[in-house]
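Trainee: I would like a close look at a single part of this model. Please take me through one helix and what surrounds it.

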Amino acid sequence: MGRILVGTASWTDATLLESGWYPPDADTPEKRLAYYASRFSLVEVDATYYAPPAERTARLWAERTPAGFTFNVKAFSLLTGHPTRVSALYRDLRPETEKRNVYPGDLTAQAYEEVWSRFLTALDPLVAAGKLGALLFQFPPWFTIRRENKQYLLEVSRRCAPLRPAFEFRHASWFAGDNADETLDFLRRHRLTYVCVDMPQGHRSSVPPVLAATADLAVVRFHGHSDRWTSKDIHEKFGYHYSDPELRAWAPKLRELAGQAERTHVLTNNCYRDFAQTNAATLARLLDVG
């Protein structure tokens, strides 16, 4: 069985800070990250989806965590085709527009290339410290299974090399009927990392909990089963606490998945209060990983 790392998709959520999970003396960003890193060996940075990171910030992450700690970083929204706030773009690359949100096509080709370059370069301190795990590319619900989108996966892989992108889909077409085999075969053929998900079913964005390793790295993200999945309130959307029996049922499946890969990253994304942290701790215990 390959190595398993367990962590959460946030360590700075406001409701987590209010929950009492951090001890009172963990009262600065530096102390909170140090405390988190003493409990888990992996974390996912989601803030980079909303605004690209600064290299100084990545350097501080590397300096404030112990050797062997791993950061997965979520790709900036513009790079996954999501609507992106103009104010989130680098100031000198912002297009002249009255729009509040823009897409890649709203930027000049040169500006778009520069966004890619700056995003990846900002992560250099994590790369140098050996602490960058995967780059999470979570695509929007309208990113369906079609040739153009498959080619974009290959483009992302080329742009990120030698860094490791991991791909999460949010449209049922990727796993509808025979498409499941087609999707997994395509990813395996090109050694692209597929992100397995546990999430609410019955929505346009729903993907079934198919566990499969398509590269030497496997990634699993637990989104919960909130009955408010379509809510605009992110805490209603992800405010689900897994029961111990639910997580016990997952443990053997995760071990089996880890047997197909060199490394497996397990992340709880039910980020409301300390739900993700307590569920991740339970999974770590069930999987017998520190």
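Mentor: What follows is a walk along helix α10 and on to its neighbours α11 and β10. This is a predicted model, in which local features need pLDDT of at least 70, side-chain atom pairs count only at pLDDT 80 or more, and totals for chains, interfaces and linings use all residues. Residues are numbered from 1 along each chain as its sequence is written, and side-chain values use heavy atoms, with hydrogens and water left out.

Start with the length. Helices (H or I, at least four residues) and strands (E, at least two) are DSSP runs, numbered from the N terminus. Helix α10 covers residues 244–258, 15 residues in total. The expected span is 1.5 Å times one less than the number of residues. For α10 that gives 21 Å, and the end C-alpha atoms are 21 Å apart, so the two agree.

Now the axis. α10 has a kink of about 25° at A251, shortly before the proline P252. The bend at a residue is the angle between axes fitted to the seven residues ending there and the seven starting there.

Next, burial. Buried means under 20% relative accessible area, exposed over 50%, partly exposed in between (1.4 Å probe, protein chains only). In α10 the buried residues are L247, W250, A251, L254, L257 and A258. An α-helix has 3.6 residues a turn, so residues three or four places apart point the same way.

What do the buried residues of α10 pack against? Their partners are β1 (3–8), β8 (193–198), β9 (217–222), β10 (263–268) and α11 (275–287). Contact here means heavy atoms within 4.5 Å.

Take α11. Its 13 residues should span 18 Å, and its end C-alpha atoms are 18 Å apart, which agrees. Buried residues in α11 are F275, A276, Q277, N279, A280, T282, L283, A284 and L287. Their cover includes β1, α1 (14–19), α2 (29–39), β9, α10 and β10. After α11 comes D288, with a positive phi near 60°.

Finish with β10. T268 lies in this strand. T268 is buried, with a relative accessible area of 1%. Leaving aside neighbours within four places in sequence, T268 is in contact with G7, T8, A9, F222, A276, N279, A280 and L283. Among these contacts, A276, N279, A280 and L283 also appear in the buried set of α11.
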